[in-house]
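Please walk through the pockets of this structure with the model open beside the text, taking one pocket after the other and looking at what lines each of them.

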Amino acid sequence: EMIRLALLSAILASASAFAPMSGLPSLARSAKPAMSVKMQGSDMSASVPFLKRPVNLDGSLAGDVGFDPLGFSDVFDLRVLREAELKHGRFAMLAVLGFIVQEFYTFPFFPKMAPVDAHDYFVTQGGGSQIIFWISFVELFSVVALFETIQGKREAGDYAFDPLNLATDEVTLARYREAEIKHARLAMIAFLAF
């Protein structure tokens with residue numbers, strides 16, 4: 001009998017937490033918020049409003065919303081960080097696309113298997129060494145490009161590769177750069193899900 005009374009009391013107490021306040025109108029009118037939070041617009045990050053915006057992230061780069069909770073932009077050159085972000089993002093976009101495509105299409109001379117099993121199969125067949133070789137080849141050229149970026153000869157990630165001439169003016173180019181960095185970030189997160 002005592003347990004039933006205790007359970008009934010607990011149920012009624014928790015249910016009353018969601019009911020509107022009645023019976024004490026004077027307390028309800030005089031209640032003030034315990035704390036008031038005031039944000040200072042330009043000093044706070046747009047992505048995480050309760051953190052201060054890092055000094056180096058001033059919004060001049062495409063996709064810059066002031067997100068740097070670990071403070072890398074205070075330690076490293078922002079151009080080097082952007083170059084690395086774009087490079088890894090571009091590889092992640094290719095990796096996500098490859099992971100999805102191989103679910104639906106298999107080349108005639110390869111066996112049909114799940115993507116996770118395909119990784120193990122191709123590593124045993126020598127695919128891992130080919131990947132290391134081609135990534136090393138790409139890294140050689142990206143080191144040269146990184147030095148050009150640091151010297152200010154080109155923007156980070158800009159290889160002047162636009163064979164379809166899509167970015168005809170500065171507004172379109174800025175829109176494509178914004179879209180690329182957003183897609184790159186999404187692909188890097190999506191690849192973790194695979």
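In the second largest pocket of this model, helix 7 supplies the largest share of the lining, with 9 residues. The model is a predicted one, and the volume computed for this second largest pocket is about 930 Å³. Among the 31 residues that line the second largest pocket, those closest to its centre are Arg90, Asp158, Leu173, Arg177 and Glu180. Two elements, helix 4 and helix 7, each give two or more residues to this lining. By residue class, the lining of the second largest pocket divides into 17 nonpolar, 4 polar and 10 charged residues.

We can now turn to the other pocket. The largest pocket has a volume of about 1,300 Å³, and of the 32 residues that line this largest pocket, Ala95, Gly98, Gln102, Phe122 and Ile131 are the closest to its centre. Here the elements that contribute two or more residues to the lining are helix 4, spanning 78–104, helix 5, spanning 115–124, helix 6, spanning 127–151, and helix 7, spanning 170–193. Of these contributions to the largest pocket, the largest share comes from helix 4, which provides 10 residues.

How do the residues of the lining of the largest pocket divide into nonpolar, polar and charged? In the largest pocket, 22 lining residues are nonpolar, 8 are polar and 2 are charged, while for the second largest pocket the corresponding division is 17 nonpolar, 4 polar and 10 charged. Helix 4 and helix 7 can thus be followed through both descriptions, being listed for the lining of the largest pocket and for that of the second largest pocket.

Conventions:
Residues are numbered from 1 along each chain as its sequence is written. This is a predicted model: local features need pLDDT of at least 70, side-chain atom pairs count only at pLDDT 80 or more; totals for chains, interfaces and linings use all residues. Side-chain values use heavy atoms; hydrogens and water are left out. On a 1 Å grid over the protein atoms alone, a cavity is a set of points where a 1.4 Å probe fits but cannot get out, and a pocket is an open set with protein on both sides within 12 Å along at least five of seven lines; lining residues have an atom within 4 Å of a point. Grid points are joined across faces, edges and corners, and a volume is the space filled by probe spheres set on the points. Helices (H or I, at least four residues) and strands (E, at least two) are DSSP runs, numbered from the N terminus. Ala, Val, Leu, Ile, Met, Phe, Trp, Tyr, Cys and Pro count as nonpolar, Asp, Glu, Lys and Arg as charged, and the others, Gly among them, as polar.
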